[in-house]
Amino acid sequence: MADLRGRVGAGGYGPPVRVTIVTTLPDRRLLLVHAHPDDESIGTGSTMAHYAATGVHVTLVTCTLGEEGEIHVPALAQLAAAEADQLGGYRMGELAAACAALGVTDHRFLGGAGRYRDSGMMGLSTNEHPRAFWQADLDEAAGHLVEIMREVRPQVLITYDDNGFYGHPDHIQAHRVAMRAVELAATEGIAPAKVYWTAMPRSVLEAGLTHFAESSDNPFAGIEDLSELPFGSPDEEIAARIDATEQHAAKEGAMRAHATQIPATSWLYSIAGNFGAEFMGVEYFTLAMGEKGPGAGPYGWEDDLFAGLRVDGPDRAPVAVAGQR
Ligand SMILES: [Zn+2]
């Protein structure tokens, strides 16, 4: 995808070798900040696959290795944090396979793999681990992200809302780090033009509640009212509906790559079978920063995260990054 041109100066025993690398990235660049391996696929897999397939440079930043996740593959049970504590390394492989399924080639871990540890669910002692992402120094963690922004210069950033979509400490922290990084990037004039948060419209949840009420495999079992759910946005607050139905199989493939986290029998797969490709393929976002582009329908939902942005004119953001080593 990237056009790499290298120029090598005098080498041998002469002056130090000077190499200039110019990387030219596509005009449109999308950055996603997620907490754990698997969040990218479950929450934004179709959107990532859609943009990767249409020539957008998609950069995924994952903040932790997901060391505290559950393990749904019996043969791998002893990788658990309380035993061999090898789950994080294993999940790097799952994430690589998921990215391959999504067609995403630019993936990084915030601060490098293993810098920040999965904090576990809110209130657990794992929140106190010295490397827990929940304990991260905000400016230091945001600084790692700004470095990536300097390199990639994304016009659009996706992360979670201030409740981390559903309250997990690492998701809340990913939100804080991403938003702080946007602030810091703005002081250098390189902030993304638009920042989106993942979202689920109330109307979609209501449809799900009704649809599954009689099902024995009901993901909403025990929920009587939508207000009991930790997520769900009024439809009028949604800014973008990305219909990437054509990528539903890529998203499902990416989710299956996270086999330790998502059992093959998960309702996520059966719901897709019942609801059709749209369940997997359509994802929603609220706009946290930037100007909403033109949209359609009663609430003017955008169908493209780059809507309203000028990315191919003469005043586009610089796409060439020169470096030395
Ligand atoms: Zn997560």
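# A zinc site, a seven-stranded sheet and its salt bridges

Leaving aside neighbours within four places in sequence, Thr44 is in contact with Leu32, His34, Asp39, Ile158, Thr198, Glu283 and Phe285. The model in which these contacts occur is a predicted one. Thr44 belongs to helix α1, and with a relative accessibility of 0% this residue counts as buried. The contact list of Thr44 offers a convenient entry to the fold, since it includes Asp39, a residue that also takes part in coordinating the zinc ion.

The surroundings of Thr44 may be read alongside the placement of its helix. Helix α1, residues 39-53, lies across six strands, namely β3, β4, β6 (156-159), β7 (194-199), β8 and β9 (282-289). The direction of α1 is at about 90° to that of β9. A further helix, α4, lies across β3, β6, β7 and β9. Relative to β6, helix α4 runs at about 160°.

The strands themselves form an open sheet. Seven of them take part, in the order β5-β4-β3-β6-β7-β9-β8, and their pairing is mixed. The edges are occupied by β5 and β8 (240-243); each has a single partner strand, so one side of each is left without a neighbour in the sheet. From one strand to the next, the twist averages 25°. In general, the strands of a sheet pair through backbone hydrogen bonds, in either a parallel or an antiparallel sense. For β3 (residues 29-34) and β4, the sense is parallel, and the pairing extends over six bridges. Within this pairing, Leu31 has Thr59 of β4 as its bridge partner.

The zinc ion brings the two helices α1 and α4 into the account again. Its donor atoms are ND1 of His36, two OD atoms of Asp39 and NE2 of His171, at 2.1 to 2.4 Å. What spacing do the donor residues of the zinc ion have in sequence? The pattern is H-x2-D-x131-H. Asp39 is part of helix α1 and His171 of helix α4, so this pair ties together parts that are 132 residues apart in sequence. Both of these donor residues are buried: Asp39 has a relative accessible area of 12%, and His171 has a relative accessibility of 3%.

The geometry of the site deserves separate comment. The angles among the four donor atoms of the zinc ion run from 56 to 141°, and the site is irregular. Four donors count as tetrahedral if all angles lie between 85 and 135 degrees; the angles at the zinc ion, from 56 to 141°, therefore do not meet that criterion.

Salt bridges supply further links between separate parts of the chain. The structure holds 14 of them. In one, Glu68 pairs with Arg117, with the closest N and O atoms 3.0 Å apart. Glu68 lies in the loop between β4 (57-62) and α2 (87-102), whereas Arg117 lies in the loop between β5 (106-109) and α3 (138-152), so the pair ties together parts that are 49 residues apart in sequence. Arg117 also forms a salt bridge with Asp85, where the closest N and O atoms are 3.2 Å apart. This second pair joins the loop between β5 and α3, which holds Arg117, to the loop between β4 and α2, which holds Asp85, across 32 residues. Glu68, Asp85 and Arg117 are thus linked in a network of salt bridges.

Is Arg117 buried or exposed? Arg117 counts as buried, at 6% relative accessibility. Its partners are partly exposed, Glu68 with a relative accessible area of 26% and Asp85 at 31% relative accessibility.

Another salt bridge connects two helices. Asp139 pairs with Arg180, the closest N and O atoms being 2.6 Å apart. Asp139 is in helix α3 and Arg180 in helix α4 (residues 169-187), so the pair ties together parts that are 41 residues apart in sequence. Both residues are partly exposed, Asp139 at 41% relative accessibility and Arg180 with a relative accessible area of 23%.

The backbone, finally, has points of interest in its loops. Most residues other than glycine have a negative phi. Asp85, already met in the salt-bridge network, has a positive phi of about 55° although it is not a glycine. Arg153 likewise has a positive phi, near 50°, and is a residue other than glycine. The place of Arg153 is in the loop between α3 and β6.

Definitions and conventions: Residues are numbered from 1 along each chain as its sequence is written. This is a predicted model: local features need pLDDT of at least 70, side-chain atom pairs count only at pLDDT 80 or more; totals for chains, interfaces and linings use all residues. Side-chain values use heavy atoms; hydrogens and water are left out. A salt bridge is a side-chain nitrogen of Lys or Arg within 4 Å of a carboxyl oxygen of Asp or Glu. Helices (H or I, at least four residues) and strands (E, at least two) are DSSP runs, numbered from the N terminus. Buried means under 20% relative accessible area, exposed over 50%, partly exposed in between (1.4 Å probe, protein chains only). Two strands pair if DSSP finds at least two bridges between them. Axes are lines fitted to C-alpha atoms, for helices over the stretch in contact, and angles run from 0 to 180 degrees between N-to-C directions. Contact means heavy atoms within 4.5 Å. Donors are N, O and S atoms within 2.8 Å of the metal (3.2 Å for Na, K and Ca); water is not among the atoms, so sites may look incomplete. Four donors count as tetrahedral if all angles lie between 85 and 135 degrees; four count as square planar and six as octahedral if opposite donors are over 155 degrees apart and all others between 65 and 115; anything else is irregular.
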